[in-house]
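Open the model in your viewer and keep the sequence panel visible. The stops below can be selected one after another.

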Amino acid sequence: MGLFTKTAPLRRQIHCPLCAGPLEVGGRTQSIVCPHCNRSIDTSDHVIDYYCAKRLLETSGDVIVERGGTLRGEVKASRIIVRGKLYGVARARVVLEIEATGEVGGEVFAPQLRIAEGAVLQAAVRAGAGAPPQLAVPMQVLRS
Ligand SMILES: [Zn+2]
């Protein structure tokens, strides 16, 4: 009753990042072959707590850049949570969160954007489900 148990990970609903088909995966599933497009997709969460440069990091799970970690490149994930540094192109399917220690530069695309006080955002931002693609607004939020 409310106890955390490691033996029963929740199943979750996701969408294939390649064809957008609906999928249900177990809580600890690391990758599956999509039954709609037959391509292998990464469903794991990625925690970046080191320096990481990638052309593209794509997952249907989450990407978390921890404090002390730096990620450079293009990121596509459900939720992108930044406590360290992220430079490049960030594409969140659900939300991009920049916590107080986080710094994001480059381009940001997210239906929801959450920025903690103290966070740094120096990026072209396109946020909100209704934002038309041509309305990319360069934006600077800097707090000392
Ligand atoms: Zn698919």
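A residue counts as exposed if 12 or fewer other C-beta atoms lie within 10 Å of its own, as buried if 20 or more do, and as partly exposed in between. With that cut-off, select Asn 38: it has 9 other C-beta atoms within 10 Å and is therefore exposed. Asn 38 sits in the loop between strand 3 (31–33) and strand 4 (40–42). Its phi is positive, about 65°, although the residue is not a glycine.

Go next to Ala 20, in the loop between strand 1 and strand 2 (22–25). Ala 20 is likewise not a glycine, and its phi is positive at about 70°. It has 12 C-beta neighbours inside 10 Å, so it counts as exposed.

Now select Leu 10, in the segment before strand 1 (12–15). Is Leu 10 buried or exposed? Only 7 other C-beta atoms lie within 10 Å, so Leu 10 is exposed. Add Gly 26 to the selection: the two are 16 residues apart in sequence, and their C-alpha atoms are 6.2 Å apart.

**The whole chain**

Colour by secondary structure. This is a predicted model, and it has 13 strands and 0 helices. Of the 144 residues, 27% are buried. Among contacts between residues at least 6 apart in sequence, 5% join residues at least 24 apart.

Then colour by pLDDT. The average over the protein is 84, and 83% of the residues score at least 70. Which elements mark the two ends of the scale? Strand 7 (residues 63–65) has the highest mean, 97, and strand 13 (residues 137–141) the lowest, 40. Select residues 132–144 to see a stretch where pLDDT stays under 50; the model has 11 contacts for it beyond four places in sequence.

**Strands 6 and 8**

Select strand 6 (residues 51–58). None of its 8 residues is buried, so the strand lies largely in the open. Add strand 8 (residues 70–82), which pairs with strand 6 in the parallel sense over 6 bridges. To see a bridge in this pairing, select Leu 56 and its partner in strand 8, Glu 74.

Stay on strand 8 and select Ser 78. There are 19 other C-beta atoms within 10 Å of Ser 78, so it is partly exposed. Leaving aside residues up to four places away in sequence, Ser 78 touches Ser 60, Gly 61, Asp 62, Arg 93 and Val 94. The C-alpha of Leu 96 is 8.6 Å from that of Ser 78, and the two residues are 18 apart in sequence.

**The nonpolar core**

In soluble globular proteins, nonpolar side chains tend to be buried together. Here the largest nonpolar core has 25 residues, and those with the most contacts inside it are Ile 80, Ala 90, Val 104 and Val 108. At least two residues of this core come from each of strand 7, strand 8, strand 9 (85–98), strand 10 (103–110) and strand 12 (120–127). Which strand supplies the largest share of this core? Strand 8 does, with 6 residues.

Finish on Ile 80. Apart from residues up to four places away in sequence, Ile 80 touches Val 63, Val 75, Ala 90, Ala 92 and Leu 96.

Definitions and conventions:
Residues are numbered from 1 along each chain as its sequence is written. This is a predicted model: local features need pLDDT of at least 70, side-chain atom pairs count only at pLDDT 80 or more; totals for chains, interfaces and linings use all residues. Helices (H or I, at least four residues) and strands (E, at least two) are DSSP runs, numbered from the N terminus. Two strands pair if DSSP finds at least two bridges between them. pLDDT is the predictor's confidence in each residue, from 0 to 100. Two residues are in contact if their C-beta atoms, placed from the backbone, lie within 7 Å. A nonpolar core is a set of buried Ala, Val, Leu, Ile, Met, Phe, Trp, Tyr and Cys residues joined through C-beta atoms within 7 Å.
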